Amino acid sequence: MAEEYITTTTLATPENQPSSGLTPPQESNSTHQVLATEIETPEKATETNPPENSVAAAAQPEVTPEEQRPPKVTETETASTEKKETSEKEEAAEEDKRIPQNLGSFKEESSKLSDLSDSEKKSLDELKHLVRDALDNHQFGSVPKPEDGSNAPEEVTIWGVPLLKDDRSDVVLLKFLRARDFKVKDSLAMLKNTVKWRREVKIDELVDEDLVDDLDKVVFMHGHDREGHPVCYNVYGEFQNKELYNKTFSDEEKRKHFLRTRIQFLERSIRKLDFSSGGVSTIFQINDMKNSPGLGKKELRSATKQAVQLLQDNYPEFVFKQAFINVPWWYLVFYTVIGPFMTPRSKSKLVFAGPSRSAETLFKYISPEQVPVQYGGLSVDPCDCNPDFSLDDPASEVIVKPGTKQTVEIIIYEKCEIVWEIRVIGWEVSYKAEFVPEEKDAYTVVVQKPRKMKPFDEPVLTQSFKVNELGKVLLTVDNPTSKKKKLVYRFSVKPL
């Protein structure tokens, strides 16, 4: 097998994460340099030199792409794990055959009014004219028409946006138009029904109510996707807890309370969206089906049916994409039933992923630092504290090919304390960390001796090292399996 060398270099200041690209260090503001090095393992060979020898060479204060030395080849036998991993790959392949990954392409319609087609602009103008007439004649019924015959128009506010007062109103009306395929009269009817429903439910009062529930782990907002959409997680497996399930669904009164808490949660989330022209006014929904009670729970099924109908009737076009992760086999039965009743456009918003593909699927849409730890990312629960990193600290992603070693090399140019987070989705790799001083005769410092990481080991490793002399930190992941692995890491430095 031919040798393959892939080297990327990134520069960063102490305050920033590394960015991709081949850039030489700059003495004016750069303090460290990152190099990700992949070494492909020949199939039939033995290790001729210890791994440490391949990284002990002294780093130069300034390194350009032309001066970079190719990594020394390390040869690793993988025959002992290939049989096992082939079996797992076959299982994953079978899972992929059963679960539809994506049901069509979908590009979110622009919320910029200037991007509308001529026919769409015409429909919007017609709807605005009909809404103006309805407000003038108090057809929305929010307040009675004045008995003195005055011509004061009715005022209607929806999701914090007053109708026909500014451009935000146009974005709201567009949602109703798109929900009804730009049929103007149907859109107006839907808008009137929604306003009526909101008045009956007293939505504005509900938003400010202090409702008590135990569902903070069932439904929660966390981070944003790569396009800026806020992300909402729905964790159905939490209802395996019988006490929580009975407390939420055991009788009609409790199910009504459940719906009110969900409406309140949705309303508060929507009011944080940007309804200006070109703003982000939709939400990325993630539905975690792991350990979900399934279709046998009639109370949950009834409440879900009510919620879906309520959302369809009164919250048009607020979902950017619906991702279903950790999808079990039984959900395919459910999808088979509802699929024929869905429009191609609705289907195109859906994404499905089984347990072995969930993290990989999420990373297509959401950066790792924005994804919660339990779903393959680096972000801790908002209730926890991570003093070293936040959602704003970007992470880097590297593919570790089968039978290869991937080394992240961070060259340090000043005394500092460096902290890093690292994880490999599903682990099943060996990991080590070292500090190699620039001084030629200095000893390599072992920060983390080689450790075989198992699938159920801690998902994220956080480590630190105080650098008192110039040199480089090496983070090495050895993947002896026959599956590619996703390496995710980030680091920060604090000058001493």
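**Close-up views of two open sheets and their surroundings**

**View 1. Five strands make up an open sheet in this predicted model.** Their order is β5-β6-β7-β8-β9, and the pairing is mixed. The edge positions belong to β5 (219–224) and β9 (350–352); each has a single partner strand, so one side of each is left without a neighbour in the sheet. From one strand to the next, the twist averages 20°.

**View 2. Here we look at the pairing of β5 with β6.** Strand β6 covers residues 230–235 and runs antiparallel to β5, with four bridges joining the two. For a handy landmark, find M221, which stands opposite C232 in β6.

**View 3. Two helices meet the five-stranded sheet, and α7 is a good place to begin.** Helix α7, residues 252–270, lies across β5, β6 and β7 (283–288). Its direction is at about 20° to β5. Helix α11, residues 358–365, also packs on the sheet, where it touches β7, β8 (319–325) and β9. The direction of α11 makes about 165° with that of β8. Strand β7 is thus a useful place to pause, as it appears among the strands that α7 lies across and among those that α11 touches.

**View 4. A second open sheet is built from four strands.** Read across, the order is β10-β17-β12-β15, with antiparallel pairing. At the edges stand β10 (396–400) and β15 (461–467), each with a single partner strand, so one side of each is left without a neighbour in the sheet. Neighbouring strands in this sheet are turned by 25° against each other on average, direction ignored.

**View 5. Moving in on the β10 edge, we find its partner strand β17.** Strand β17 spans residues 485–495 and runs antiparallel to β10. Five bridges join the pair. To get your bearings, look for V400, which stands opposite K485 in β17.

**View 6. Stepping back, the protein as a whole contains 11 helices and 17 strands.** Of its 496 residues, 47% are buried. Take the contacts between residues at least 6 apart in sequence: 76% of these join residues at least 24 apart. The protein exposes about 25900 Å², and carbon and sulfur atoms supply 50% of that area.

Key: Residues numbered from 1 in each chain as written. Predicted model: local features only at pLDDT ≥ 70, side-chain atom pairs only at ≥ 80, totals over all residues. Heavy atoms only, no water. Pairing = 2+ DSSP bridges. Axes fitted to C-alpha atoms, helices over the stretch in contact; angles between N-to-C directions. Contact = heavy atoms within 4.5 Å. Buried < 20%, exposed > 50% of the residue type's maximum accessible area, 1.4 Å probe, protein only. Areas by Shrake-Rupley, 256 points an atom, 1.4 Å probe, with all protein chains shown as cover.
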